[in-house]
Amino acid sequence: MNQQSNPSRITEIRPKVVFQAVENRFQDQNSEFTVNIPSSAIGGLTLLESAILTSFVKLITPTAIFEFGTYMGATTLLFARNSPTSTSVVTIDIDPDTTVTQNDISEADYLSDGDANDEHLKDIFATNGAIYIDRAEAELKQKIIRIHQDSTSIDPQQQKFMKHFQLIFIDGGHDFNTVKSDTENALKMAADDGIIVWHDFRSQIHDDVTRFLDGFATEHEIIHVQNTMLAFMLLGKYKEILI
């Protein structure tokens, strides 16, 4: 793997390392994926981040994907469009219909303060709901299971989610305790062979994600894709996937 380490003990790789892994697996095929044009609303993924996530889907062809944080559903739909027809995509977020909004948050606040930013995202979610899922084709909607619940209250064992998902994406609440809780649940829910991905690592707004992962990386091998806010951990046989 073409990599280097930084002082936080998190390994850095260039995006091309992920793309080369896809090329190596599909040497005699074109590697294609489908993505919506990125939303102009705050909180979405960049095209590069979408390409990295889709590359993970192509590399491991998961039978089940779990997403912490539905928001407007763009990433949910990205997973549904680019995974096998039989793949299920489970996504969890609070119920937009019962979300209390704070529409008086200023742009200066939500662009500089992590808590204010999360509240602003809740406002957008409460107003729009998961619009990308709502307007998707019926066959894609059938792949998606939506859970309206605070992610920190989920019981993986009760939901029969233990060791069930090959790909888990953590992009819900960005405060330290929520990221910690979502990660602890992800470790229970991840299959023996899988990938756990976090968004907003090294975000200029959500410092808690970086702070949590820097600490988590003292006991786990975490990899950051340069020029993105994606960090990930490889489990089981997928530890060798980028070599």
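Q: Buried means under 20% relative accessible area, exposed means over 50%, and partly exposed lies in between. How does Arg81 count?
A: This is a predicted model. Arg81 has 30% relative accessibility. That value lies between the cut-offs of 20% and 50%, so Arg81 counts as partly exposed.

Q: What is the mean pLDDT of the protein?
A: Of the residues in the protein, 86% reach a pLDDT of 70 or more. The mean pLDDT is 88.

Q: Over which residues does pLDDT stay under 50?
A: Where pLDDT is low, the predicted coordinates should not be read in detail. One stretch stays under 50, and the model has 19 contacts beyond four places in sequence for that stretch. The stretch is residues 1-6.

Q: How many helices and strands does the secondary structure come to?
A: The protein has 243 residues, and buried residues make up 52% of them. Its secondary structure comes to nine helices and nine strands.

Q: Among contacts between residues at least 6 apart in sequence, what percentage join residues at least 24 apart?
A: The contacts in question already exclude residues under 6 apart in sequence. Of these, the share joining residues at least 24 apart is 74%.

Q: Which residue forms a salt bridge with Glu12?
A: The count of salt bridges in the protein is six. In one of them, Glu12 has its partner's closest N atom 2.5 Å from its O atom. Glu12 sits in strand 2 (residues 11-13), and the partner lies 190 residues apart, in the loop between strand 7 (190-199) and helix 9 (207-216). That partner is Arg202.

Q: Is Glu12 buried or exposed?
A: Its salt-bridge partner Arg202 is partly exposed, with a relative accessible area of 37%. Glu12 has a relative accessible area of 6%. The cut-off for buried is under 20%, so Glu12 is buried.

Q: What is the distance between the closest N and O atoms of Arg81 and Glu137?
A: Arg81 forms a salt bridge with Glu137. The pair is 56 residues apart: Arg81 is in helix 3 (residues 74-82), and Glu137 is in the loop between helix 6 (131-134) and helix 7 (138-141). Glu137 is partly exposed at 33%. The closest N and O atoms are apart by 3.0 Å.

Q: Which side chain meets Asp134 in a salt bridge?
A: The N to O distance is 3.0 Å. Asp134 is in helix 6, and the partner is in strand 5 (residues 144-148), twelve residues apart. Asp134 counts as partly exposed at 41%, and the partner also counts as partly exposed, at 33%. The partner is Arg146.

Q: Why is helix 2 oblique to helix 3?
A: Their axes come within 10 Å. Angles under 35 degrees count as roughly parallel, and 65 to 115 as roughly perpendicular. Helix 2 is oblique to helix 3 because the axes cross at roughly 40°.

Q: What is the handedness of the crossing of helix 2 and helix 3?
A: Helix 2 (residues 47-60) crosses helix 3. Ser50, Leu53, Thr54, Val57 and Lys58 of helix 2 make the contact with Thr75, Leu78, Phe79 and Asn82 of helix 3. The crossing is right-handed.

Q: At what angle do helix 1 and helix 2 pack?
A: Helix 1 (residues 15-25) has its axis 10 Å from that of helix 2. Residues in helix 1, including Val18, Phe19 and Val22, meet residues in helix 2, including Ile52, Phe56 and Leu59. The crossing is left-handed. The packing angle is about 35°.

Conventions
Residues numbered from 1 in each chain as written. Predicted model: local features only at pLDDT ≥ 70, side-chain atom pairs only at ≥ 80, totals over all residues. Heavy atoms only, no water. pLDDT = per-residue confidence, 0-100. Contact = heavy atoms within 4.5 Å. Salt bridge = Lys/Arg side-chain N within 4 Å of Asp/Glu carboxyl O. Helix = DSSP H or I, 4+ residues; strand = E, 2+ residues; numbered from the N terminus. Buried < 20%, exposed > 50% of the residue type's maximum accessible area, 1.4 Å probe, protein only. Axes fitted to C-alpha atoms, helices over the stretch in contact; angles between N-to-C directions. Parallel < 35°, antiparallel > 145°, perpendicular 65-115°, else oblique. Left-handed = near helix turned anticlockwise from the far one by under 90°.
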